[in-house]
Amino acid sequence: MARSEPGATRRRGPNDPERRARIAKAAIEVVAQRGIDGVTHRSVAAAAGVPLGSTTYHFATLDDLLEVALHEAAEKNVHALKEWESALPPDADFAAALAELVMGYINEQYRDTVVEYDLYVAALHRPALRKASAAWDEALIAFFGSRTDPLTGRLLAGLFCGLLMQAALADPRPTREEIETLFRRAIHGPTM
């Protein structure tokens, strides 16, 4: 009779309730390392440390894997945005705060930002991903609109997403002051 090794922590099958979540996180990791085209059931299984059959059992298609990765990334972003918004004082300079937020995404969180935009852009060709992408957009519009008004919130969400994409690609990256100037114009209009 075979006995398991002492201290073994890996669990199998139904006794491993975290496996699906590990696979989802591994899909994000594969996107970070190899891009969307690098996502295969095999690469995600290897990153998650699970048998290949586990990825196909939980996620039948590559779109299923990408969808769960995008949902995971969007959920993480929405949670972080809620924390950021709740910590922001009611009388904060909103343009300056948004500029700081963008700088955080393109500096300290650059890798995560690139992964999230890879997944976000993938929704252009994969309709199954559009719902998760739209959820992120709607969250931005709601948060920014709560500090301004609904129309300005939509404008700021578009500006925010565009600035993140441009700043992530730019060399050199725009300065915090340049970004703040754009947000200030969007919020207050031109100065006379």
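**Two domains of an all-helical chain: questions on the evidence**

The domain assignment of this predicted model divides the protein chain into domain 1 (14-60) and domain 2 (61-188).

Biologist: How do you know that domain 1 and domain 2 touch, given that 26 Å separate their centres?

Modeller: The 26 Å is taken between centres over C-alpha atoms, whereas contact is judged on heavy atoms within 4.5 Å. By that criterion, 17 residues from domain 1 and 15 residues from domain 2 take part in the contact. The two domains also bury about 1400 Å² between them.

Biologist: Which residues of domain 1 lose the most area to domain 2?

Modeller: They are I28, I36 and F59, which together account for 37% of what the side of domain 1 buries.

Biologist: What makes the contact mainly nonpolar or mainly polar on the side of domain 1?

Modeller: Counted by class, that side has 11 nonpolar, three polar and three charged residues. Isoleucine and phenylalanine count as nonpolar, so I28, I36 and F59 belong to that class. The area gives a second view: 76% of what the domains bury lies on carbon and sulfur atoms.

Biologist: Why is the pair E29 and R111 called a salt bridge?

Modeller: The rule asks for a side-chain nitrogen of Lys or Arg within 4 Å of a carboxyl oxygen of Asp or Glu. The side chains of E29 and R111 meet at 2.5 Å, N to O, so the pair satisfies the rule. Between domain 1 and domain 2 the count is two salt bridges. Four residue pairs are in polar contact across this interface.

Biologist: Which helices supply at least two residues each to the side of domain 1 that touches domain 2?

Modeller: They are α1 (19-34) and α2 (41-48). Helix α1 gives the largest share, nine residues.

Biologist: Why does the salt bridge of K25 and E72 tie together parts that are 47 residues apart in sequence?

Modeller: K25 lies in helix α1 and E72 in helix α4 (residues 62-87), so the pair links these separate parts. Their side chains meet at 3.1 Å, N to O, which is within the 4 Å limit and therefore counts as a salt bridge. The structure holds 10 salt bridges.

Biologist: How do you know what the secondary structure of the chain consists of?

Modeller: The chain comes to nine helices and zero strands, and its pattern along the sequence reads α-α-α-α-α-α-α-α-α. Along its principal axes, the C-alpha trace spans about 85 × 35 × 30 Å.

Biologist: Why is the peptide bond from D171 to P172 worth a remark?

Modeller: Most peptide bonds are trans. The bond from D171 to P172 is cis, with omega near 5°. P172 is placed in the loop between α8 (150-169) and α9 (176-188).

Biologist: What does UniProt list for residues 40-59 and for residues 17-77?

Modeller: An unreviewed UniProt entry lists residues 40-59 as "DNA-binding region", and the annotation "domain: HTH tetR-type", also from an unreviewed entry, covers residues 17-77. Such annotations may be inferred rather than shown by experiment. In the model, residues 40-59 are 75% helix and 0% strand, with end C-alpha atoms 11 Å apart. Residues 17-77 are 77% helix and 0% strand, and their end C-alpha atoms lie 24 Å apart.

Notes:
Residues numbered from 1 in each chain as written. Predicted model: local features only at pLDDT ≥ 70, side-chain atom pairs only at ≥ 80, totals over all residues. Heavy atoms only, no water. Helix = DSSP H or I, 4+ residues; strand = E, 2+ residues; numbered from the N terminus. Domains from an automatic or database assignment. Buried area = accessible area lost by both parts, 1.4 Å probe. Polar contact = N/O pair within 3.5 Å; in protein donor to acceptor, adjacent residues only side chain to side chain.
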